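Hi there,

Here is the structure I promised to pass on to you. Have a look at it first, and then read on for what turned up in it.

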Amino acid sequence: MFPKPLPALTPNTYDYESLPMVKPTGFREYDARWLFQKEINLMGVQALGMGLGTLIKEMGVKPEIVTGYDFRGYSSAIKYALVSGLMAAGVRVKDIGLALSPMAYFAQFDLDVPAVAMVTASHNDNGWTGVKMGARRPVTFGPEEMGRLKDIVLSASFDLTGGGAYEFVENFPARYIADLTDRPKLTRKIKVVAACGNGTAGAFAPKVLEAIGCEVIPLDAELDHTFPRYNPNPEDMKMLHAMAEKVRATGADVGLGFDGDGDRCGVVDNEGNEIFADKIGVMLARDLSNLHPGATFVVDVKSTGLFNTDPALQKNGVKVDYWKTGHSYIKRRVSELSALAGFEKSGHFFFNKPVGRGYDDGILTALAVCDMLDRNPTKSMADLYRDLPKTWGSPTMAPHCADEVKYEVVERVVKRFVAMKDAGEAVAGQKIADLVTVNGVRVVAEDGTWGLVRASSNKPELVVVVESPVSEARMREMFKAVDTVLRENPEVGTYNQTI
């Protein structure tokens with residue numbers, strides 16, 4: 001019925017145009033990412049659609065799906081290839097067109113459709129593509145579903161019974177914007193830099209912020225899929241520096257930055273301080289737990305230790321659950337625990353009822369930051385940041401490590417730190433007080449200084465984060481100690497950025 005996908009084909013050949021290519025490593029822990037034309041071709045995307053449709057029916061889910069695509073030069077073609085595969089597998093497709101990932105998640109509720117397939121490479125460089133998928137709103141696929149999808153696609157075990165259909169949903173963005181803006185306006189005048197990195201959020205974020213009463217200063221809000229200045233990634237220091245410069249130049253109250261598919265938000269305060277998203281999470285947890293004492297929050301293992309030690313959170317009876325990094329893992333955990341919210345250091349924030357519907361939405365996060373400022377009329381964003389206990393933390397740092405070996409390398413690193421703890425060896429000059437191994441390894445020294453190593457779920461990289469509640473020097477000592485262990489593994493390459 002359809003050929004088995006091959007792991008590699010040479011472009012500009014008969015076979016490349018006649019056979020599906022799908023590199024197996026593109027099936028990640030909770031979504032799919034490939035270099036388009038190098039690791040997957042359009043027939044390969046068609047096979048992915050057939051596999052996804054087959055899996056949805058296998059799961060006993062009604063065969064209806066929402067699809068949309070991000071603003072890249074090739075995303076529309078990939079979406080149509082995916083749609084043709086879904087229809088061949090008997091799925092009824094509702095296409096919302098150019099969209100943000102949270103807009104597609106919202107469409108699952110608004111259109112009463114169980115499944116979603118959003119074509120996006122998120123913040124990855126141009127050349128990358130991918131699909132974020134789910135079949136039980138508001139959660140997205142995890143390792144079990146992704147593993148089964150991989151098996152179906154690579155073995156071409158498709159159920160191609162037909163009966164699919166296609167419908168384009170006109171003007172869907174207006175429904176999404178109306179949902180976000182159907183709320184009271186801000187009582188405080190807030191001047192906001194809305195930074196979009198020329199990505200998809202530029203079409204929507206400034207409009208929403210204006211509608212709730214903000215004075216908006218757009219930054220790189222014109223859609224341009226060449227991303228002329230930098231990738232739309234609010235975890236990238238280039239984007240944060242540009243936001244900080246604009247905030248200082250305009251006297252804005254806050255800078256809010258959105259990634260390529262709009263499910264993440266980064267923040268710069270009114271003094272131009274680039275605040276890492278885990279600290280924003282602590283600030284929002286403080287604000288929300290004032291309204292909802294005893295609330296539970298889920299945070300990823302890359303996040304600051306303040307979630308456990310902050311006196312204001314302790315006073316409000318907050319319960320915190322450190323969990324695996326990854327939008328799908330945190331989203332699912334928030335749902336399982338009925339947590340009020342979940343926070344990831346990468347800027348994925350998940351607000352449950354009564355704030356949101358449980359999925360990650362960068363624009364909703366921006367609104368939550370504005371509401372926090374509105375509820376603190378005598379304080380600036382910098383004041384709220386200064387109110388937090390001081391810690392010294394690194395950005396997320398990513399040394400290259402091939403997809404084929406990165407998990408094995410992390411396993412070796414975990415074993416090495418476990419052996420060091422068992423032997424009473426020092427790390428960064430102190431004994432190991434704790435090891436958290438729910439996702440890679442988070443090694444904690446006696447003074448609370450910690451370092452994390454895990455495998456990236458969507459790129460050929462490892463992830464390294466360090467933090468100290470004591471001093472910048474202690475943070476740097478921990479980075480040196482962690483990096484020394486990493487360098488025992490020749491497969492670990494250079495970092496994208498370091499401290």
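Phe-168 sits in strand 6, which covers residues 165-168. Please keep in mind that this is a predicted model. With a relative accessible area of 44%, Phe-168 counts as partly exposed, because that value lies between the 20% and 50% cut-offs. Together with Tyr-80 and Tyr-166, Phe-168 makes a nonpolar surface patch of about 310 Å².

Next, have a look at helix 13, which runs over residues 362-374. Is this helix mostly covered or mostly uncovered? Mostly covered: 13 of its 13 residues are buried. The length of helix 13 works out nicely too. At 1.5 Å a residue, its 13 residues should span 18 Å, and the end C-alpha atoms are indeed 18 Å apart, so the two values agree. At the start of helix 13, Asp-361 places a side-chain oxygen within 2.9 Å of the backbone nitrogen of Ile-363.

Finally, there is a sheet to trace. Six strands form this open sheet, with antiparallel pairing, and their order is 16-21-20-19-18-17. Its edges are strand 16 (392-393) and strand 17 (426-427), each of which pairs on one side only. Strand 16 is joined to strand 21 (residues 462-468) by two bridges, and these two strands run antiparallel. If you would like a pair to find on screen, try Trp-392, whose bridge partner in strand 21 is Ser-468.

Happy exploring, and best wishes!

Conventions
Residues are numbered from 1 along each chain as its sequence is written. This is a predicted model: local features need pLDDT of at least 70, side-chain atom pairs count only at pLDDT 80 or more; totals for chains, interfaces and linings use all residues. Side-chain values use heavy atoms; hydrogens and water are left out. Helices (H or I, at least four residues) and strands (E, at least two) are DSSP runs, numbered from the N terminus. The expected span of a helix is 1.5 Å times one less than its number of residues. Buried means under 20% relative accessible area, exposed over 50%, partly exposed in between (1.4 Å probe, protein chains only). A polar contact is a pair of N or O atoms within 3.5 Å; within protein, one must be able to donate a hydrogen and the other to accept it, and residues adjacent in sequence count only if both atoms are side-chain atoms. Patches are made of residues with over 30% relative accessible area and no salt bridge: like charges are joined within 9 Å, nonpolar side chains (Val, Leu, Ile, Met, Phe, Trp, Tyr) within 5 Å. Accessible areas come from the Shrake-Rupley method with a 1.4 Å probe; for residues, only the protein chains shown count as cover. A salt bridge is a side-chain nitrogen of Lys or Arg within 4 Å of a carboxyl oxygen of Asp or Glu. Two strands pair if DSSP finds at least two bridges between them.
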